[in-house]
Every structure is written in structure tokens, then in C-alpha cells.
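Biologist: I would like a close look at one part of this model. Please take me through it step by step.

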Amino acid sequence: MTDRTTPRILIVDLVGLAMGPDGLPDHSVVKAHVEARGDVFHEGSARAIPAPEPGRAHFYYQPMLSTEAELLAEAGDGLYDAVIAAATFLPKGTRFDLGGVRIGTGTGNMGSASWGGGDGRGGIAPLMNTPGINARATAQMVMNALLRVRPDLPVDEMNALVAAGRFDTGTDLVRFPTAKLEGRTFAVLGYGNIGREVAKLARAFGMTVRIFARPRHRAWIESEGFIHAASLLEAAAEADVLSVHVGLGPLGPEGHANAGLIGAEVLSALAEGAVLINYDRGELVDVPALAAALSSGRVSHAAIDADLFRDPSSGALSGPMAPYLSIVPAHGARLSLLPHAAADTDHPTRVVGAIQAVDQILDAIERRVVRNLKGDLPEGYTDAGARTPAGLGGMTAGDLEELRCDEARMEALRTAAQGLLAALDRLANEGARTAGGDLLLQSNILATLLRAQSLEGPFQG
């Protein structure tokens with residue numbers, strides 16, 4: 001029988017990525033957070049630890065659980081009331097009657113029937129995520145993948161020549177032509193937290209950014225200076241880079257709605273020699289179609305980040321990365337394959353996400369208040385809306401209410417806005433030589449303040 005006053009919560013992924021004094025990934029910050037709340041953090045299984053102290057939440061840290069068999073054996077009988085996961089895939093048969101939180105955005109790996117699978121529809125428990133926690137880390141890794149191959153200056157080769165004193169700038173530089181990113185077209189599929197951050201970074205490199213998203217996002221996309229594409233093909237048309245951030249979509253009888261979304265038609269629409277980056281879900285790309293595009297030269301490089309699992313007994317490989325391994329022999333030199341690591345290389349980010357997950361799951365259990373809900377809201381719970389880190393994903397009505405009640409912040413914005421209006425009047429009356437410098441200075445002041453207050457991006461309602 002579930003006891004909300006003494007819940008058992010399973011943690012199946014690392015909640016710290018930096019190594020501690022013992023040479024193991026350090027979970028001490030999350031452990032301290034749990035204990036500061038008055039709850040208990042255990043290392044190991046609830047089956048091997050004495051009965052929990054009544055009236056306190058008990059967290060059981062088992063980041064090495066991986067295979068379906070292990071997870072079903074540990075969590076298939078309702079021993080745990082809730083779960084926190086990051087990359088680990090939770091089989092349908094795992095049971096968590098009071099809910100689950102995914103550290104990160106996509107919930108395709110949260111397969112438990114307790115909330116109806118990865119789309120969170122039809123279950124008895126709430127499914128939540130921590131959107132935006134790793135958005136900047138992922139976006140930066142997307143640009144890292146691009147910069148490894150574009151501009152295509154052979155830095156290592158040139159370094160070796162220079163270090164050996166075998167390079168003459170006047171005569172040899174012509175042998176190493178390159179092409180800048182500025183002016184190229186970067187297509188982004190999706191206008192969520194990660195897609196928007198990728199778009200902002202691409203724009204910083206002087207690229208033309210085209211975003212495919214639902215029509216309701218068009219005004220916001222265009223207000224930020226990006227181009228809205230009404231379809232996948234419109235986004236991909238003659239694009240030099242295509243980066244995918246749309247998620248797997250709802251799960252239907254034939255699989256996830258967006259599986260194979262990036263197929264032959266989309267790939268053939270790209271500019272010759274384009275770069276494909278899929279740091280979202282491996283299943284989004286049709287692998288045979290990618291192989292054909294690599295063979296034809298339509299795609300010159302592809303960077304993929306997806307889970308890869310190895311069965312410890314048989315050595316068999318599984319997960320969405322597995323199909324890509326079949327094209328490594330023919331195209332390995334033009335592939336960059338990561339094991340779902342693009343968003344998980346930053347220790348502070350993982351710690352912040354894990355702490356948020358702890359707070360969200362306890363709010364759902366103890367107060368029946370759900371934040372960052374994915375899918376259906378079960379009966380008896382209250383939806384508290386979304387919450388993302390400052391500057392990500394636009395602002396909510398709650399964020400703006402906080403601003404409205406903060407007189408110091410409001411006054412700073414009024415002063416900056418009035419300064420810009422005064423500078424515009426001076427420009428109109430006195431001309432550019434006298435007032436131009438003041439106009440640009442006031443414009444910079446207001447723009448910086450707007451960014452600092454996160455007053456940019458879409459309104460989330």
C-alpha cells in the first residue's frame with residue numbers, strides 16, 4: 001500500500017558527473033540537499049536496507065541499473081513509489097504509483113505504464129521533466145559538432161607544418177582554402193528550449209537561421225529575427241546545416257510519431273555537402289536514407305547522439321544508436337557518434353537538474369502539486385505550470401507577475417526605456433553626429449537589461 005508520508009523514491013541515473021575523492025562520480029551535493037529537507041538518501045536497494053523511518057521520504061540511489069531485466073527485478077512489483085531518471089530506459093512493466101521525473105527534456109525513455117509511457121498519457125501517476133536544465137549544454141555541443149567540420153580548415157595539419165617550420169604564409173596559405181559560417185543557412189527543427197538556444201548561437205556566427213515549428217510560433221520566431229518555416233521541407237531547402245530538436249512525439253500503434261522523420265526527401269532537400277546534427281533522439285533519422293545521403297555527398301558529415309546499451313551477459317548491443325553502427329564501415333570518417341552524452345558532460349548542470357527533480361517529485365507526492373507536467377494530469381493533482389531556468393523558453397505569466405511586484409526591477413526597466421526614448425528624440429531634433437552615440441548607448445543599456453530580466457522569447461502563458 002502506497003504511503004505518501006514515507007515514500008520510497010528510486011534514482012536510476014548519476015546525479016553528479018565529476019569525480020569525488022573516492023574516484024567515483026560525486027553525488028554529495030544532491031545527497032546533502034535531500035538531507036537538508038529532512039529526508040534520507042540511501043546508496044543501494046530498498047530490498048537490502050532496513051524498513052524506512054516513518055514520516056520521511058527515502059531516496060535509493062542505484063545509478064548502475066541499466067538492463068530491462070535489472071529494472072524489472074528491482075522495480076516491477078511496486079516496491080518504489082516514484083523514480084528519478086535521466087538516460088536510463090524504464091520498461092513498461094516498472095511500477096511507480098506516485099510519479100516520475102526525467103532529468104532533462106525528452107521523456108521517451110520514461111516507459112513505465114504508471115503514467116502511460118513516454119508521452120505521459122493514460123496512467124495513474126504524473127510524469128514530469130526538468131526542461132531547459134541542459135538546453136544550453138546541448139546547444140553548445142551542437143555548435144561544437146559543427147565547428148569540428150565547418151569551417152573546414154585543417155588545423156592539426158597546419159599546426160604540424162608550422163611547428164616544424166615548414167610553412168610560408170606568403171606561398172603556402174593558398175593551398176588551404178576555407179569557408180566561413182557567416183551567410184550560410186542553418187535549419188533548426190523545433191522551437192523548444194534547445195532549438196531556440198541553437199538558433200541564437202547560430203545567429204551569433206552570422207548564419208541565416210530558419211526554424212520549423214507550428215504556425216502559432218511564427219510571430220515569436222520572427223520577432224526574434226529568425227525565419228519561420230511552415231514545413232520540414234521548407235526548413236531543409238538548400239540548408240547548409242540541419243539540427244533536429246523535435247522529440248519523438250506521441251507513441252502510437254506503429255511507434256513514435258516522429259520516428260524516421262528525417263528521411264530521404266528531407267535529406268535530398270539540403271544543400272550539397274550539408275551537415276546533419278541529431279542531438280535529440282536517434283530514432284528521428286532514417287539510417288538507410290542517411291547512408292544514401294552520405295554516399296551521394298548530399299550530406300558531408302553527420303553528428304548523432306543516442307543511447308547505446310550493451311548486455312553484460314551476451315554482449316549484444318541495443319538502443320537507438322545501434323542502427324547507426326551498420327553504416328560505420330562505409331562512412332565512419334564522416335560520422336561523429338556520441339552515446340547520449342551531449343547534454344550530460346557538465347557536472348553542475350546535472351546536479352542542478354537532479355535537485356530540481358527531487359523537489360518536483362516531493363511536491364507531487366506530499367502536496368499533489370505537479371510542475372513541468374508531461375502528458376495527462378492525473379485526478380487529484382494540481383498543475384503548477386512550467387518552470388525553466390532564467391532566459392530559457394520565454395516567460396510565463398507567473399514570471400511576469402513576479403516582475404510586476406518587484407518595484408526595483410520595474411523602475412530599472414522604466415528608466416532604461418525612457419532613456420532610449422529621450423535619445424530617439426535627440427536624434428530626431430539634433431541629428432546623428434550629436435545624438436547618435438547616445439542613442440546606441442541607451443539602446444545597448446536597454447537590450448542588456450532586457451536580457452538580464454529574461455524579457456525575450458515567447459510568452460508561455
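Is Asp359 buried, partly exposed or exposed, going by relative accessibility? Please go on from there to its surroundings.

Modeller: Bear in mind that this is a predicted model. Asp359 counts as partly exposed, because its relative accessibility is 24% and the buried class ends under 20%. Asp359 sits in helix H12.

Start with its charged partner. Asp359 forms a salt bridge with Arg37. The closest N and O atoms are 2.8 Å apart. Side chains of opposite charge can pair when their charged atoms come close. Arg37 lies in the loop between helix H1 (28-36) and S2. The two residues are 322 residues apart, so the pair links distant parts of the chain. Arg37 is partly exposed too, at a relative accessible area of 34%. The pair does not stand alone: Arg37, Asp39, Asp359 and Glu366 are linked in a network of salt bridges.

Now the helix itself. H12 covers residues 347-367. It lies across strand S1 (8-11), S3, strand S4 (82-85), strand S5 (100-102) and S6. Relative to S4, H12 runs at about 160°.

Next, the sheet. It is open and has 6 strands. Their order is S2-S3-S1-S4-S5-S6, and the pairing is parallel. Strand S2 (40-43) and strand S6 (127-129) are the edges, each pairing on one side only. From one strand to the next, the twist averages 20°. At the S2 edge, S2 and strand S3 (residues 58-61) pair in the parallel sense over 4 bridges. Phe41 has Phe59 in S3 as its bridge partner.

Other salt bridges help to set the scene. The whole structure holds 24 of them. One of them joins Asp376 to Arg121, with the closest N and O atoms 3.1 Å apart. This pair also links distant parts of the chain, with the two positions 255 residues apart. Asp376 is in the loop between strand S18 (369-370) and strand S19 (382-383). Arg121 is in the loop between S5 and S6. Both are partly exposed: Asp376 has a relative accessible area of 34%, and Arg121 has 49%.

A local pair makes a contrast. Glu197 forms a salt bridge with Lys200, the closest N and O atoms being 3.0 Å apart. Both lie in helix H6 (residues 193-204), 3 residues apart, about one turn of the helix. Glu197 is buried, because its relative accessible area is 8%.

Definitions and conventions:
Residues numbered from 1 in each chain as written. Predicted model: local features only at pLDDT ≥ 70, side-chain atom pairs only at ≥ 80, totals over all residues. Heavy atoms only, no water. Pairing = 2+ DSSP bridges. Axes fitted to C-alpha atoms, helices over the stretch in contact; angles between N-to-C directions. Contact = heavy atoms within 4.5 Å. Salt bridge = Lys/Arg side-chain N within 4 Å of Asp/Glu carboxyl O. Buried < 20%, exposed > 50% of the residue type's maximum accessible area, 1.4 Å probe, protein only.
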